[in-house]
Amino acid sequence: MIISVLYRNEFIKSIFEFLNSLESAHIYLVGGAVRDAWLGKTSHDLDFIVEGDTIAVARQLADTIDGDFYILDASRAYARVIGYDRSRARIIIDFTPLSQNDLVSDLRARDFSINAIAWDINSSGEELLDPLNGLEDLEKRVLRPCSEQAFLNDPVRTIRAARFSVAYNLYLSERIYQQIRDALGDLGKVSEERKRDELFKIFSAEKSYGCLC
């Protein structure tokens with residue numbers, strides 16, 4: 001199912017075919033695109049974790065699809081490619097290196113369980129790595145942080161919690177509300193751009209008026 005959903009868009013299919021052809025890197029699709037594909041939705045935002053030279057992989061993809069290439073963080077080797085499909089819809093492709101050579105640890109350091117799911121694009125099957133049971137949380141409509149420190153580690157996640165609650169009609173437990181309250185004091189340390197982007201995503205969602213009510 002994952003592949004059939006992702007490959008609905010021929011341009012996105014070509015991205016996967018190219019990345020899968022690379023012998024110099026092992027690549028995983030993670031986060032929102034995996035979540036949405038499992039729900040039967042096509043995402044225009046693709047996040048990849050790379051075992052290999054992340055910057056080189058991103059450059060090669062940009063050259064192949066005639067896309068725009070950006071280095072988001074040179075010290076951490078984060079890169080982005082932006083391309084456009086036949087309908088001129090923008091496709092954002094982000095690449096990050098594998099953290100500590102351990103995919104499970106990388107997933108556990110993410111924001112919410114529903115975003116801590118990975119698919120090995122180099123595999124022949126569709127088996128998903130889901131160490132925090134994010135798919136089960138989706139079925140139960142529960143938004144659960146990956147750790148007790150998730151909001152303290154990145155306070156912008158307090159806003160992101162509202163976005164995912166609205167977008168996927170997910171329930172927030174009282175414990176999560178307390179974790180959000182504990183992290184709010186550090187929200188001022190987050191850049192205005194990041195906070196703005198999260199708020200705009202909330203406002204663009206259907207029924208955003210029901211956010212966290």
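Let's start with helix H4: at 1.5 Å a residue, its 12 residues should span 16 Å, and the C-alpha atoms at its ends are 17 Å apart, which agrees. The model you are looking at is predicted, and H4 has the highest mean pLDDT of the elements of the chain, 97.

Which residues of H4 are buried? They are Thr54, Ile55, Val57, Ala58, Leu61, Ala62 and Ile65. Seen down the axis of H4, these buried residues fall within an arc of 160°, so they line one face of the helix. That face has plenty of company: the buried residues of H4 pack against helix H2 (10-21), strand S1 (26-30), S2, S3, S4 and S5.

Take Thr54 as an example. This residue belongs to H4, which covers residues 54-65. Is Thr54 buried or exposed? Its relative accessibility is 2%, and because buried means under 20%, Thr54 counts as buried. Leaving out residues up to four places away in sequence, Thr54 touches Ala77, Phe95, Thr96 and Pro97.

Now for the sheet. Seven strands form an open sheet with mixed pairing, and their order is S3-S4-S5-S2-S1-S6-S7. Strands S3 (68-73) and S7 (128-129) stand at the edges with a single partner strand each, so one side of each has no neighbour in the sheet. Strands of a sheet pair through backbone hydrogen bonds, either parallel or antiparallel. Here are three of the pairings to find in the structure:

| Strand pair | Sense | Bridges |
|---|---|---|
| S2 (residues 45-51) and S5 (residues 90-97) | parallel | six |
| S4 (residues 78-84) and S5 | antiparallel | six |
| S6 (residues 118-120) and S7 | antiparallel | two |

You can pick out single bridge partners too. In S5, Val50 is partnered by Pro97, and Val81 is partnered by Ile93. In S7, the partner of Trp119 is Leu128. S4 and S5 also make a hairpin, with five residues between them, and Arg88 in the turn has a positive phi of about 70°.

Next, look at the nonpolar residues inside. How many residues make up the largest nonpolar core? There are 48, and the members that touch the most others are Leu19, Leu29, Leu46, Phe48, Ile93 and Phe95. Leu19 gives a good view of this packing: apart from its neighbours within four places in sequence, Leu19 is in contact with Ile27, Phe48, Val57, Phe95, Ile121 and Asn122. A second core of 10 residues is separate, and its members include Leu98, Leu107, Ala118 and Leu132. Some names now come back in new roles: Phe95, which touches Thr54, is also in contact with Leu19.

For a contrast with Thr54, turn to Glu127, in the loop between S6 and S7. Glu127 has 71% relative accessibility, and because exposed means over 50%, Glu127 counts as exposed. Glu127 and Ile2 are 125 residues apart along the chain, and their C-alpha atoms are separated by 9.2 Å.

Finally, how confident is the prediction? The mean pLDDT of the chain is 91, and 96% of its residues reach 70 or more. Helix H10 (residues 192-203) has the lowest mean pLDDT among the elements, 86. Where pLDDT is low, the predicted coordinates should not be read in detail.

Key: Residues numbered from 1 in each chain as written. Predicted model: local features only at pLDDT ≥ 70, side-chain atom pairs only at ≥ 80, totals over all residues. Heavy atoms only, no water. Helix = DSSP H or I, 4+ residues; strand = E, 2+ residues; numbered from the N terminus. Buried < 20%, exposed > 50% of the residue type's maximum accessible area, 1.4 Å probe, protein only. Contact = heavy atoms within 4.5 Å. pLDDT = per-residue confidence, 0-100. Pairing = 2+ DSSP bridges. Core = buried A, V, L, I, M, F, W, Y, C linked by side-chain atoms within 4.5 Å. Expected span 1.5 Å × (residues − 1). Arc of directions from axis to C-beta.
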